[in-house]
Amino acid sequence: MSQPESPSRVRQPRHARGAAPTLHDVAREAGVSLATASRVLNGSERKVAESFREKVEQAAAELGYTANASAQATARGSSPVIALLVADIADPYFGLIAAGVARGADEQGLVVTIAITERDPAREARIVRALRGQRPQGLILAASRTNEPTDSDTARELAEYARFGGRVVTFGAGSAENRHVEIDNRAGAEELGRRMAALGYRSAIAIAAAEGVLTSDERLAGFRAGFESGGGAIDRVIRGDFRRESGVQAMSAALADGVEQGTLVFGMSDVVAIGAMSAIRDAGREIGTDIAVCGFDDVPSSSDVTPALTTVRVPLSEVGYQAFRATVDADWEQAALPLEVAVRASTPGTEPGIDR
């Protein structure tokens, strides 16, 4: 007759079957006080004897205990988390930025949590308020800002977050209290405008976001300055947003009103420009020799579409990485973010033989 295994060979968990182990269970298993177990597992800076630490860590491993993130945040003053707020996670612009943030976080053993604002100030304020309770180490606002002062509710939430040691990083112009990463949208668009004028284009349609959105305003102003310096003119500005659907709708409206052969279309982002290209094809027009198209950002799909899209190359992954470094480096200073015009087949020029 077989004998039951001895207690020394099979350790029976002392917490209720089916229930997640608690810190109390770990402390009891390790034979230490609850305070000692908490100091070991919740990241307290108070020192614990190595023998007790080993007992607590072994007990936690055997019971399958996972430390409570909120308790860790309380003990440390912050959690090992970087919060990234984006307008639209489906937009590859934000995906590339998120990749750069994640690369930096991985180097530091931190975790990135992403929230989507949809460029809604009220939603943004609610998200920041919720994140404050999680005490992230840094908070990055990557969505395009407006030229109006930050919404009062969001500003108040950010101020409270910063007051307790959190670091806020924004894109574009920032306040004196927060760090910000700047992309020279105006200079990049101005060079694009000059290059398009040099290719012989004289008439352009711009598809922009709503007036007051800084990224769009800077790109439109820069492109206009560069294009006009070479003898071109923007005949129409159609307002929308940064989504592909906005590019489709804006271009469809322009085509319905009439677009002459040789016109150049400038989308404020590659996603918008690719949407415009779709509308041009659907209308039976040809992209390039009939209606030329250019964009901004150089997301991966811009070189995959046919014809390949002329654009301004922005090192978006590096932008995200620098935003991350701004949250963790005490003496952070922004490094250069060079922008480069990439002329491709979507803008072949108005005359054969023009040097691109």
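Helices and strands here are DSSP runs, numbered from the N terminus. Thr117, for instance, lies in the loop between strand 2 (111-116) and helix 6 (121-134). The model shown is predicted.

**Figure 1. Overview of the chain, with 12 helices and 11 strands.** The chain has 356 residues, and 46% of them count as buried. Take the contacts between residues at least 6 apart in sequence: 75% of these join residues at least 24 apart.

**Figure 2. Thr117, in the loop between strand 2 and helix 6.** Thr117 counts as buried, at 1% relative accessibility. Its contacts, apart from neighbours within four places in sequence, include Leu85, Val86 and Ala87. Arg123, Glu124, Ile127 and Ala143 are also among them. Arg119 is found in the same loop, between strand 2 and helix 6. Arg119 is not a glycine, yet has a positive phi of about 55 degrees. Most residues other than glycine have a negative phi. Arg119 is partly exposed, with a relative accessible area of 35%.

**Figure 3. Arg135, in the loop between helix 6 and strand 3 (136-141).** Here too phi is positive in a residue other than glycine: for Arg135 the value is near 50 degrees. Arg135 counts as partly exposed, at 37% relative accessibility.

**Figure 4. Val81 in strand 1.** Val81 is buried, with a relative accessible area of 19%. That value falls under the 20% cut-off for buried residues. Val81 touches Val111 and Thr113, and also Pro136, Gln137 and Gly138, when residues up to four places away in sequence are not counted. Val81 and Val111 are 30 residues apart along the chain. Their C-alpha atoms are separated by 4.7 Å.

**Figure 5. Ala90, in the loop between strand 1 (79-86) and helix 5 (92-108).** Ala90 is exposed, with a relative accessible area of 64%. Ile116 is 26 residues away along the chain. The C-alpha atoms of Ala90 and Ile116 are separated by 10.0 Å.

**Figure 6. The aromatic pair of Tyr93 and Phe94.** With ring centres required to lie within 6.5 Å, the count comes to three aromatic pairs. In this one, the centres of the Tyr93 and Phe94 rings are 5.0 Å apart. Their planes stand at 90 degrees, so the pair is edge-to-face. Tyr93 and Phe94 are both buried.

**Figure 7. The aromatic cluster of Phe223, Phe227 and Phe266.** The rings of Phe223 and Phe266 have their centres 4.3 Å apart. Their planes are at 20 degrees, so this pair is stacked. Phe223 lies in helix 9 (residues 214-229) and Phe266 in strand 8 (residues 264-267). The pair therefore ties together parts that are 43 residues apart in sequence. Phe223 is buried, at a relative accessible area of 0%. Phe266 is buried too, with a relative accessible area of 0%.

**Figure 8. Arg103 and the ring of Tyr321.** The charged end of Arg103 sits over the ring of Tyr321. It is 4.1 Å from the ring centre.

**Figure 9. The crossing of helix 8 (residues 185-198) and helix 9.** The two axes come within 6 Å. They cross at roughly 35 degrees. Helix 8 passes helix 9 in a right-handed crossing. Residues of helix 8 in the contact include Asn185, Arg186, Ala189, Glu190 and Leu192. On the helix 9 side, Phe223 and Phe227 are among them, and both also belong to the aromatic cluster of Figure 7. By class, the contact has eight nonpolar, six polar and five charged residues.

**Figure 10. The loop between strand 9 (292-294) and strand 10 (311-313), with Thr310.** Thr310 is buried, with a relative accessible area of 0%. Residues up to four places away in sequence are not counted among its contacts. Thr310 touches Leu192 and Met196, two of the helix 8 residues that meet helix 9. Val293, Cys294 and Gly295 are also touched by Thr310. So are Ala342, Val343, Arg344, Ser346 and Thr347. Pro307 lies in this loop as well. The peptide bond from Thr306 to Pro307 is cis, with omega near -5 degrees. Most peptide bonds are trans.

Terms used:
Residues are numbered from 1 along each chain as its sequence is written. This is a predicted model: local features need pLDDT of at least 70, side-chain atom pairs count only at pLDDT 80 or more; totals for chains, interfaces and linings use all residues. Side-chain values use heavy atoms; hydrogens and water are left out. Rings of Phe, Tyr and Trp (its six-membered ring) pair if their centres lie within 6.5 Å; planes under 30 degrees apart count as stacked, over 60 as edge-to-face and the rest as tilted. Buried means under 20% relative accessible area, exposed over 50%, partly exposed in between (1.4 Å probe, protein chains only). Helices (H or I, at least four residues) and strands (E, at least two) are DSSP runs, numbered from the N terminus. A charge sits over a ring if NZ of Lys or CZ of Arg is within 6 Å of the ring centre and within 35 degrees of the ring normal. Axes are lines fitted to C-alpha atoms, for helices over the stretch in contact, and angles run from 0 to 180 degrees between N-to-C directions. A crossing is left-handed if the near helix is turned anticlockwise from the far one by less than a right angle, and right-handed if clockwise. Contact means heavy atoms within 4.5 Å. Ala, Val, Leu, Ile, Met, Phe, Trp, Tyr, Cys and Pro count as nonpolar, Asp, Glu, Lys and Arg as charged, and the others, Gly among them, as polar.
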